[in-house]
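Let's walk through this one together, asking at each step how a label was earned. Here it is.

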Amino acid sequence: STLLRLFVAQMFVIPSGSMENTLLIRDRVAVQKIVGYQRGDIVVFRDTLGWLAPAKVEEDPAKKTLIF
């Protein structure tokens, strides 16, 4: 699972309304890391400057396990 997540695909949650009309807040997307991108693709960036609010931490242990 860890190797797949590191090199093949990874899940992300849409944290803000910047993609609305296409993706909604808290939608989940799977990002494929092997193939390059082309016009019209959605590109995921890492928020290194802290522009977004911190993600909500899930407290329910059952949901936390399922998300993992």
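**How the labels are earned**

Q: Why is Asp-60 called partly exposed?
A: Asp-60 has a relative accessible area of 35%. Buried means under 20%, exposed means over 50%, and partly exposed is what lies in between (1.4 Å probe, protein chains only). So 35% puts Asp-60 in the partly exposed class.

Q: How do you know how far to trust the model?
A: It's a predicted model, where local features need pLDDT of at least 70 and side-chain atom pairs count only at pLDDT 80 or more, while totals for chains, interfaces and linings use all residues. Residues are numbered from 1 along each chain as its sequence is written, and side-chain values use heavy atoms, with hydrogens and water left out. The chain averages a pLDDT (the predictor's confidence in each residue, from 0 to 100) of 79, and 97% of the residues score at least 70. Confidence is highest in β1, at 83, and lowest in α2, at a mean of 78.

Q: Where does Asp-60 sit, and how far is Asp-60 from Ile-42?
A: You'll find Asp-60 in the loop between β2 and α2. Its C-alpha is 30 Å from that of Ile-42, with the two positions 18 residues apart in sequence.

Q: What makes Ser-16 count as buried?
A: Its relative accessibility is 19%, so Ser-16 falls on the buried side of the cut-off. Ser-16 lies in the loop between β1 and β2. Not counting residues up to four places away in sequence, it touches Ile-25 and Leu-52 (contact means heavy atoms within 4.5 Å).

Q: Is Leu-4 buried or exposed, and how do you know?
A: Leu-4 comes out at 56% relative accessibility, so it counts as exposed. It belongs to helix α1, residues 2–7. Leu-4 and Ala-62 are 23 Å apart, C-alpha to C-alpha, and 58 residues apart in sequence.

Q: What makes Arg-26 stand out?
A: Arg-26 isn't a glycine, yet it has a positive phi of about 75°. This residue is in the loop between β1 and β2, and at 46% relative accessibility it counts as partly exposed.

Q: How do you know that β1 and β2 pair?
A: They share five bridges in the antiparallel sense. Two strands pair if DSSP finds at least two bridges between them, so these strands qualify. One bridge partner in β2 is Val-29, which goes with Phe-12. Met-11, in strand β1, has its C-alpha 5.7 Å from that of Val-29, although the two are 18 residues apart along the chain. Leaving aside neighbours within four places in sequence, Met-11 is in contact with Arg-28, Val-29 and Ala-30.

Q: Which residues of β2 are on the covered face, and which on the uncovered one?
A: Val-29 and Val-31 make up the covered face, while Arg-28, Ala-30 and Gln-32 make up the uncovered one. In a regular strand the side chains alternate between the two faces of the sheet.

Q: What lines the largest pocket?
A: There are 42 lining residues, and Met-11, Phe-12, Val-13, Val-29 and Val-44 lie nearest the centre. By class, the lining has 25 nonpolar, seven polar and 10 charged residues. β1 (9–13), β2 (28–32) and α2 (61–67) each supply at least two residues, and β2 gives the largest share, five residues.

Definitions and conventions. On a 1 Å grid over the protein atoms alone, a cavity is a set of points where a 1.4 Å probe fits but cannot get out, and a pocket is an open set with protein on both sides within 12 Å along at least five of seven lines; lining residues have an atom within 4 Å of a point. Helices (H or I, at least four residues) and strands (E, at least two) are DSSP runs, numbered from the N terminus. Ala, Val, Leu, Ile, Met, Phe, Trp, Tyr, Cys and Pro count as nonpolar, Asp, Glu, Lys and Arg as charged, and the others, Gly among them, as polar.
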